[in-house]
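This report looks at one sheet and one pocket of a protein model. Please keep the sequence and the coordinates at hand while reading.

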Amino acid sequence: MNNDVHALRHILKSYRTIAVVGLSAEWHRPSFFAAKYMQSHSYKIVPVNPRYAGHMILGEVCYASLLDIAHPIDMVDVFRRTEDVLPIAEQAVQIGARCLWQQLGVNNPQADALAREANMHSVTHRCVKIEHARLFGGLNWVGVNTGIISARRPA
């Protein structure tokens, strides 16, 4: 797993195209909120949800599955139940994604092992939005303990 600060910082700096599997079109859902935050920080969001396939979410065309996406994907961010992650991880490997990110409350060890065997980064039980805000977004400026002690700002 790549849940340490240095690995998370590398992933969030390097992987700028994120396929969000399970992205909802409803503004109050956590997946929508996280994707909108990442989009506002210059990440390319690619919605993946068979329920909304062909529709627009956050100004982007939604796909039914990862296999339907014609352009490269850096990170697959999974907003699905733990038991649903393994087939998504298999698709992530097939499309050549570089990172499998399982959101808060999602921790599928088989999917994690599959991703690592395919030389992908794998993050479990973390929120991409929270980690971005913690590492790059200035949460420390408003008094939140980010767990990072440094006199220098990250590059």
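In which sense, and over how many bridges, do strand E6 and E7 pair? In this predicted model, strand E6, which spans residues 99-102, pairs with E7 in the parallel sense, and three bridges connect the two. Within this pairing, leucine 100 is found opposite serine 122, a residue of E7.

**The sheet as a whole**

These two strands belong to an open sheet of five strands, in which the order is E2-E1-E5-E6-E7 and the pairing is parallel. Strand E2 (44-48) and strand E7 (121-123) take the edge positions, and each has a single partner strand, so one side of each is left without a neighbour in the sheet. On average, and with direction ignored, neighbouring strands of this sheet are turned by 15° against each other.

At the other end of the strand order from E7, E2 is joined to E1. The two pairings for which bridge counts are available are set side by side below.

| Strand pair | Sense | Bridges | Residues standing opposite |
|---|---|---|---|
| E1 and E2 | parallel | five bridges | isoleucine 18 and isoleucine 45 |
| E6 and E7 | parallel | three bridges | leucine 100 and serine 122 |

Strand E1, made up of residues 17-21, is mostly covered, with five of its five residues buried. This burial holds on both faces, since Thr17, Ala19 and Val21 are buried on one side, and Ile18 and Val20 are buried on the other.

**A polar contact to the edge strand**

Serine 122 of E7, which stands opposite leucine 100, also takes part in a side-chain contact: its side chain and that of aspartate 112 make a polar contact at 2.5 Å. Aspartate 112 is a residue of helix H4, which covers residues 109-117. Is aspartate 112 buried or exposed? Its relative accessible area is 5%, and because buried means under 20%, aspartate 112 counts as buried.

**The second largest pocket**

The second largest pocket of the model has a volume of about 320 Å³. Its lining consists of 18 residues, and those that lie nearest its centre are Gly22, Arg29, Pro30, Ser31 and Phe79. Which helix gives the most to this lining? That helix is H2 (residues 30-40), which contributes four residues. Sorted by class, the lining of this pocket holds nine nonpolar residues, together with five polar and four charged ones.

Terms used
Residues are numbered from 1 along each chain as its sequence is written. This is a predicted model: local features need pLDDT of at least 70, side-chain atom pairs count only at pLDDT 80 or more; totals for chains, interfaces and linings use all residues. Side-chain values use heavy atoms; hydrogens and water are left out. On a 1 Å grid over the protein atoms alone, a cavity is a set of points where a 1.4 Å probe fits but cannot get out, and a pocket is an open set with protein on both sides within 12 Å along at least five of seven lines; lining residues have an atom within 4 Å of a point. Grid points are joined across faces, edges and corners, and a volume is the space filled by probe spheres set on the points. Ala, Val, Leu, Ile, Met, Phe, Trp, Tyr, Cys and Pro count as nonpolar, Asp, Glu, Lys and Arg as charged, and the others, Gly among them, as polar. Two strands pair if DSSP finds at least two bridges between them. Axes are lines fitted to C-alpha atoms, for helices over the stretch in contact, and angles run from 0 to 180 degrees between N-to-C directions. Buried means under 20% relative accessible area, exposed over 50%, partly exposed in between (1.4 Å probe, protein chains only). A polar contact is a pair of N or O atoms within 3.5 Å; within protein, one must be able to donate a hydrogen and the other to accept it, and residues adjacent in sequence count only if both atoms are side-chain atoms.
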